[in-house]
Amino acid sequence: MEELEALRAKYAADNFPRSLGIEILELAPGYARVAMCLTEKMVNFHGIGHGGAIFTLADTALGLASNSHGNPAVALTVTINYLRPGRVGTLLMAEAREEHLTKRTGFYRITVTDSDGVTVAVVHGTVYRRDKEALSAP
């Protein structure tokens with residue numbers, strides 16, 4: 001699983017999700033599960049989890065799952081449906097599962113749940129996949 005170790009190393013240098021405390025729990029081809037504790041700094045003016053923080057957690061899972069095959073992948077579209085509010089102090093987990101993969105695209109379903117297993121958000125993401133040789137190209 002050379003691709004997964006390389007991806008873990010890349011993630012270790014990805015400052016934005018790491019600054020939010022997002023940690024990789026599981027990583028496999030076409031699959032990722034990440035977690036983040038919702039802090040006071042991640043709430044909106046209603047006092048609930050900011051949509052941007054929850055989206056970033058889901059997007060991180062999408063990025064890891066879609067890049068797990070070794071091909072660089074970037075999001076084309078990501079849609080999110082917020083079902084329940086996230087509460088301060090709650091551990092949120094995002095699980096991304098690959099549902100369809102072609103040479104150039106991939107489709108993923110991401111579920112964000114709280115520590116009680118309650119679904120907070122459901123996300124769908126489509127990615128564009130480049131050739132492995134394009135890793136060093138802009």
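Select T79 first and look across to H124 in β6, which stands opposite T79. This is a predicted model, in which local features need pLDDT of at least 70 and side-chain atom pairs count only at pLDDT 80 or more, while totals for chains, interfaces and linings use all residues. Residues are numbered from 1 along each chain as its sequence is written, and side-chain values use heavy atoms, with hydrogens and water left out.

Widen the selection to strand β3 (residues 73-82) and strand β6 (residues 119-129), which pair in the antiparallel sense over nine bridges; strands pair if DSSP finds at least two bridges between them, and the elements are DSSP runs numbered from the N terminus (helices H or I of at least four residues, strands E of at least two).

Next add strand β5 (residues 105-113), which is also paired with β6 in the antiparallel sense, over nine bridges. T113 has T119 of β6 as its bridge partner, and in the turn of the β5-β6 hairpin, where five residues lie between the strands, G117 has a positive phi of about 85°.

Return to strand β3 and pick A75, which counts as partly exposed because its relative accessibility is 43% (buried is under 20%, exposed over 50% and partly exposed in between, with a 1.4 Å probe and protein chains only). A distance drawn from the C-alpha atom of A75 to that of I110, 35 residues away along the chain, reads 13 Å.

Now move to helix α3 (residues 51-66), whose end C-alpha atoms are 22 Å apart, in agreement with the 22 Å that its 16 residues should span at 1.5 Å a residue; the expected span is 1.5 Å times one less than the number of residues. Among the buried residues of α3 are I54, L57, A61 and L64.

In the loop between α3 and β3, select S68, which counts as buried because its relative accessibility is 3%. The side chain of S68 reaches the backbone oxygen of A65 at 2.6 Å.

Finish at the largest pocket, where L7, K10, G63, N67 and A73 lie nearest the centre among 27 lining residues. On a 1 Å grid over the protein atoms alone, a pocket is an open set of points where a 1.4 Å probe fits, with protein on both sides within 12 Å along at least five of seven lines, and lining residues have an atom within 4 Å of a point. Helix α3 gives the most to this lining, with seven residues, and α1 (2-12), α2 (15-19) and β3 are among the elements that each supply at least two.

Conventions: A polar contact is a pair of N or O atoms within 3.5 Å; within protein, one must be able to donate a hydrogen and the other to accept it, and residues adjacent in sequence count only if both atoms are side-chain atoms.
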